[in-house]
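The following note is offered to a colleague who wishes to review the sheets, cores and aromatic contacts of this model. It is arranged as numbered points.

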Amino acid sequence: MSVKTIENWFAAKGWKAFPFQKQSWKAFRDGQDVLIHAQTGSGKTLAAALGPLTQRATAKSRSGGIRILWINPLRALTLDLERALQSALEELAPDWRVESRTGDTRSSKKTRQLQSLPEVLITTPESLSLLLTHKKVQDQLAGLELVVVDEWHELIGSKRGVQTELALARLKRLNPNLRLAGLSATLGAPELALQCLVGMDRQGKLIRGRSDRTLEMDCIIPDPIEKFPHMGRLGMRVVEQVLEVVDQSDSALIFTNTRNQAENWYQKIEELRPHWELGLHHGSIELEDRRRVEMGIRSGDLRCVVCTASLDLGVDFPPVDLVVQVGSPKGIGRLLQRAGRSGHSPGKPSRILCAPTHTFELIEFSAARRLIERGEVEPRKPLEMSLDALSQHLVTLGMGGGFDEQEAWEEVRSTYCFRDLTQSEWSWVLDFVSYGGPALRQYQQFARLKRSGKPGKRNFQSQSKEVERFHRMNIGTITSDNMVQVQFLRGGKLGFVEESFVSRLRPGESFLFAGRKLKLVQFRDMKAIVRKSSAKQVAVPRWVGGRMPLSTHLASETRREIERYALGQKTGPETAAVASVLEIQKQWSALPLYHQLLVEVLTLRDGWRMTLYPFEGRAVHEGLGALLAFRLSQKTPITVSVAVNDYGLELLASDPIDLEAMEWKEWFRSGDELDQEILEAAHGAEMAKRQFREIARVAGLVFQGFPGAQKSARQIQASSGLLFDVFQKYDPQNLLLEQARQEALKSQFDRPRLKQALENLQSCEILLSRPRHLTPMAFPLWMERMSSQISSESFEDRVEKMIQSLNKKAP
């Protein structure tokens, strides 16, 4: 089939192939790997999928067999993608089957696929790894022509991305002529993403797609503006203002940053617009309910849907003409991804309405607007040396027919993640998957691969059928708190919440989930049995990972926006709207310029407090706060507690600290001892031990349990904790221990960014201020501390009293 034939098919549908699509088809014919970087809804799917069709007439004919493997990070998206590809291929390649294979696929269908894969298979990284455990499937995959990795930006920087890199390396080994294509709409460093996709043994081509669709970005300006920002409260206050804009649209998606927030907004909108057809969509809701919502959006039956990141990716909803972002997106890539869900009809712009959850988020929105105008998106840094994921992958290869030591070494080293893997590290991993390493040699359950042959030329294969059974149930790199099924007494399933939340509820207590008020009847066998509730006061589940960090790009531009206001320069309309707040900050203390670090010192009833505003994000501030408190305690006997948010950190001490004697550059040093100091300051051994739970699970040291009988998070933590202690004592050189320490530093404190922040602070001018009251910038940190304290007075009452007191003093 020629490119001209495909162009004629386009024309028959009233379309015209874009230049980037033609470039993609040509690249396939030329045997090139590509990364297609184009905006949402611009035609990336057809640009990648139709490449193999351009060679159908010239390729050596063969009957059946898989041609295209499509990897998608979200299994919830596979149904839409399957329909889209089927729609195109039923006319262009009617003899090709298009099927999906995920955790939601029926067992009978999976069994059939193992015997004969369809021409086009849509799957996830986890399901691909499961396929690679079957030798006969690997033989079929050797005939692959193209692998497409959809939403590649979503995988980069995660262990799922590492899992994908390793799987791609294996597929390239099976067929050296295999072409790779990555798809993404939002990448900050596309060249790096391309290298990560194709590996170190290939050079790919970056194809940039259309960028002509306009983005219309508006913001809700609350009235009145809170002079002392109450973090979170403003979000619910602007619901009516948001709905007035939604009233003017045909269909809207309202994105929140957390599932907890989505549940609250859904309830509030249902109360204010009871006549609307309303939907709720997040990752913990039962799959069938999510699909009904998606169908409702697509058909236009639903007026509005409240959702989370579960609808960020890959879903096209032509009726949607407005997207609402509740709260700061924390990153430009996320904002653009969500905005792209609207305006999919020809000639229509993407429209996004930003709704702040506190006053200072207006400045973040203003900063985001500038970054979008300049086309600046934060890059995602790929992971390196994830030995737990490598261990899992090697067991997968051992089950799928085995592997040769030298060939596998070259294959693994071809990936970006393991490009610097040394021979000694490789030998350690092989020993680890063969017998568990020195400390576990005597325990048969850790011997997963058997080896034969001489060192350097050995062959590794699966140890036993039992190992294979356990491994297939443990495959994957997604780790979280154990999930509990929520279902009605009569069996209707609603979705999943985390075990840590349900375990705190007593029978009879009510909570909000899937847009319903529910009463817990009983909790047993990882199932929460519920009935409907009419209670006025209900708990809302808080899922792990709710707080997203402020990106480096957005944090830096927010500081620039504050500097522009301080210098009397032109700012965005959102920043101008909070002028009254910034004026109080300037009069009571100061507004820091970009090269300055504002330090406020104030004594209240609870003690002496020093507040710093580096604007480096919550994770960095947690590390910086722990580090500064530790360094202060090393100099003088003192107890210091820390509170942080995205903008700054507060150190609270019972007695004043002599700031005149402080050598600020010394306090912000970032030398070779930094990692050790952070670990000491933040109880690093316990942090590493907790992180080791995830590593032990991915590496296959801990078995999660059989389906329907999963171990609790506490049981898994106890098992991994015991192994951690054993390795510490009997195998201190175990490479997984160091990985746990490094991951703990990165996940808890964003260690690379913390080091850079310390270096930046060393060159900052210190702007020392001694205000008489809590300033607008300090107030949210005071709130952060109060929220964690126990008192006979409610948190809201204490906050309200402080706001009233400060408002009386404010101009």
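**Notes on the fold**

1. Strand E22 (residues 596–604) and strand E23 (residues 607–612) are paired in the antiparallel sense through six bridges. Two strands pair if DSSP finds at least two bridges between them; helices (H or I, at least four residues) and strands (E, at least two) are DSSP runs, numbered from the N terminus. Within this pairing, Leu 604 stands opposite Gly 607 in E23. The structure is a predicted model, in which local features need pLDDT of at least 70 and side-chain atom pairs count only at pLDDT 80 or more, while totals for chains, interfaces and linings use all residues. Residues are numbered from 1 along each chain as its sequence is written, and side-chain values use heavy atoms, with hydrogens and water left out.

2. E22 and E23 belong to an open sheet of five strands with mixed pairing, in the order E24-E25-E23-E22-E28. Its edges are strand E24 (640–644) and strand E28 (765–769), each of which pairs on one side only. From one strand to the next the twist averages 20°; axes are lines fitted to C-alpha atoms, for helices over the stretch in contact, and angles run from 0 to 180 degrees between N-to-C directions. Helix H25 (residues 618–635) packs on this sheet and touches E23, E24 and strand E25 (649–653), contact being heavy atoms within 4.5 Å. The direction of H25 makes about 165° with that of E24.

3. A sheet of seven strands is also open, but its pairing is parallel, and the order is E3-E4-E2-E5-E6-E1-E7. Strand E3 (98–101) and strand E7 (205–208) are its edge strands, each pairing on one side only. Neighbouring strands are turned by 20° against each other on average, direction ignored. At one edge, E3 and strand E4 (residues 120–123) pair in the parallel sense over four bridges, and Arg 101 has Thr 123 of E4 as its bridge partner. Helix H4 (residues 78–92) packs on the sheet against strand E2 (68–71), E3 and E4, its direction making about 165° with that of E3. Helix H5 (residues 107–115) touches E3 and E4, with an angle of about 115° to E3.

4. Which way do the residues of strand E1 (residues 34–37) point? Val 34 and Ile 36 point one way and Leu 35 and His 37 the other way, and all are buried, that is, under 20% relative accessible area (exposed is over 50%, partly exposed in between; 1.4 Å probe, protein chains only). E1 pairs in the parallel sense with E7 over four bridges, where Ile 36 has Ile 207 as its partner. E1 also pairs in the parallel sense with strand E6 (residues 179–184) over four bridges, and Val 34 stands opposite Ala 181 there.

5. The largest nonpolar core has 56 residues; such a core is a set of buried Ala, Val, Leu, Ile, Met, Phe, Trp, Tyr and Cys residues joined through side-chain atoms within 4.5 Å. Helix H16 (residues 361–374) supplies the largest share, six residues. Among the residues with the most contacts inside the core are Met 217, Leu 311 and Phe 779. Not counting residues up to four places away in sequence, Leu 311 touches Leu 253, Phe 255, His 281, Glu 294, Ile 297, Val 305, Phe 317 and Arg 341. A second, separate core of 41 residues includes Trp 428 and Ile 695.

6. The whole structure contains 17 aromatic pairs. Rings of Phe, Tyr and Trp (its six-membered ring) pair if their centres lie within 6.5 Å; planes under 30 degrees apart count as stacked, over 60 as edge-to-face and the rest as tilted. Phe 10 and Trp 25 form an edge-to-face pair at 5.8 Å centre to centre, with 75° between the planes. Phe 10 lies in helix H1 (residues 3–12) and Trp 25 in helix H2 (residues 19–29). Phe 10 counts as buried because its relative accessibility is 2%, and Trp 25 is buried at 0%. Both belong to one aromatic cluster with Trp 9 and Trp 15.

7. Phe 360 and Tyr 647 are likewise edge-to-face, at 5.9 Å and 80°. Phe 360 is in the loop between strand E13 (350–355) and H16 and Tyr 647 in the loop between E24 and E25, so the pair ties together parts 287 residues apart in sequence. Phe 360 and Tyr 647 are buried.
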